[in-house]
Amino acid sequence: MIELYLDTVDINQVSRLNACLPLKGVTTNPSILAKAGRGVNHVLPELANVIGSEARFHIQVVSQILDEIVDEAFKINSLPYDIVVKIPATETGLAAIKKIKQQNIPVLATAIYSVQQGILAALSGADYLAPYVNRMDTMGNDGIKVVSDLQLLLTQQDLDCKLLPASFKNTLQVIEVMKLGVKAITIPVDIAIQMLEHPAVDSAVQQFSQDWINVFGDKLSFES
Ligand code: G3P
């Protein structure tokens, strides 16, 4: 089954959606944590408490110099959770990924805006790739096509690397990406809620209820 993540550290929304969805865990980035005004050491215990000890967290380095990225990655990895270290897929980032993978630390290459960038990150050893679907779309690129081409290349090259597409602004983008057979995905809270809702559903449920009450009153199904 696809690994399903929420791209948020909003504990209330994670709790709400974890109740009805098979969440694998949560993805974060420096902007998400900065917007929440809460750091890794504050959010991880709370999120693990809500999702469970099996939860997987994707945590991004903020260092930009090779040795510092590597050092930060080791320290993130030493936190007592199932953690994947996110590293931007720049030239320096790929060099860091090569070094970090020698120690078998799980890595996600993030900020992927092209097939070229993504396949090189996979060849450098990344376990996950995060192509930014909507950001590519808004730049005039075709985010879905980039994910499709990357999926094809990963399969053809027999690379042990999962696509974990990120950056969605509508539910169709999510479905189109899932149809490509990606093994993981991270969805923002508002899009996940939109996927759960449909204007016709409430009225359908209401009609079932009214039809039932008209004939059976307050009896339950097994009492009828
Ligand atoms: O981690 C990357 C992802 O959160 C980007 O999403 O909505 O900022 O384009 P967005």
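Select helix α2, residues 30-36, and you have the element that gives the most to the lining of the largest pocket, with five residues. What you are looking at is a predicted model, and this tour starts at the pocket before it moves to the ligand, to the chain as a whole and to two further residues.

**The pocket**

Keep α2 highlighted and add strand β5, residues 107-112, since α2 and β5 each supply at least two residues of the lining. The lining of the largest pocket comprises 26 residues, and those that lie nearest its centre are Asp7, Asn29, Ser31, Ile32 and Arg135, so select these five next. The space inside the largest pocket amounts to about 560 Å³. If you colour the lining by residue type, you should find eleven nonpolar, eight polar and seven charged residues.

**The ligand**

Now show the ligand together with the residues that surround it, which are Asp7, Asn29, Lys86, Tyr132, Arg135, Ser167 and Lys169. Asp7, Asn29 and Arg135 appear in this group, and they are also among the residues that lie nearest the centre of the largest pocket.

Which distances between side chains and ligand oxygen atoms can be picked out here? Start with Ser167, where an N or O atom of the side chain is 2.8 Å from an oxygen atom of the ligand. Move next to Asn29, which places a polar side-chain atom 3.0 Å from a ligand oxygen atom, and then to Lys86, where the side chain has an N or O atom 3.3 Å from an oxygen atom of the ligand.

**Ser167**

Stay with Ser167 and zoom in on the loop that holds it, between β7 (162-163) and α9 (171-179). Is Ser167 buried or exposed? Its relative accessible area is 14%, and because buried means under 20%, Ser167 counts as buried. Besides its contact with the ligand, the side chain of Ser167 reaches the backbone nitrogen of Arg135 at 3.2 Å. Leaving aside residues up to four places away in sequence, Ser167 touches Tyr132, Val133, Asn134 and Arg135, and of these Tyr132 and Arg135 are also listed around the ligand.

**The whole chain**

Zoom out until the full protein chain is visible, with its eleven helices and eight strands. The C-alpha trace spans about 70 × 35 × 30 Å along its principal axes. Of the 224 residues in the chain, 42% are buried. Among contacts with a separation of 6 or more, 56% are between residues 24 or more positions apart.

**Val107**

Return to strand β5 and select Val107, which has its place there. With a relative accessible area of 0%, Val107 is buried. Display its surroundings and you will find that, not counting residues up to four places away in sequence, Val107 touches Val84, Val85, Ile87, Ile97, Ile100, Lys101, Ala126, Asp127 and Tyr128. For a distance to try in the viewer, take the C-alpha atoms of Val107 and Ala122, which are 15 residues apart along the chain and separated by 10 Å.

**Leu79**

Finish at Leu79, in the loop between α4 (66-77) and β4 (82-88). Leu79 has a relative accessibility of 22% and counts as partly exposed. Apart from residues up to four places away in sequence, the residues that Leu79 touches are Val40, Asn41 and Leu44. As a last step, draw a line from the C-alpha of Leu79 to that of Ala184, a pair 105 residues apart in sequence and 23 Å apart in space.

Definitions and conventions:
Residues are numbered from 1 along each chain as its sequence is written. This is a predicted model: local features need pLDDT of at least 70, side-chain atom pairs count only at pLDDT 80 or more; totals for chains, interfaces and linings use all residues. Side-chain values use heavy atoms; hydrogens and water are left out. Helices (H or I, at least four residues) and strands (E, at least two) are DSSP runs, numbered from the N terminus. Buried means under 20% relative accessible area, exposed over 50%, partly exposed in between (1.4 Å probe, protein chains only). A polar contact is a pair of N or O atoms within 3.5 Å; within protein, one must be able to donate a hydrogen and the other to accept it, and residues adjacent in sequence count only if both atoms are side-chain atoms. Contact means heavy atoms within 4.5 Å. On a 1 Å grid over the protein atoms alone, a cavity is a set of points where a 1.4 Å probe fits but cannot get out, and a pocket is an open set with protein on both sides within 12 Å along at least five of seven lines; lining residues have an atom within 4 Å of a point. Grid points are joined across faces, edges and corners, and a volume is the space filled by probe spheres set on the points. Ala, Val, Leu, Ile, Met, Phe, Trp, Tyr, Cys and Pro count as nonpolar, Asp, Glu, Lys and Arg as charged, and the others, Gly among them, as polar. A residue is near a molecule or strand if one of its heavy atoms lies within 4 Å of it.
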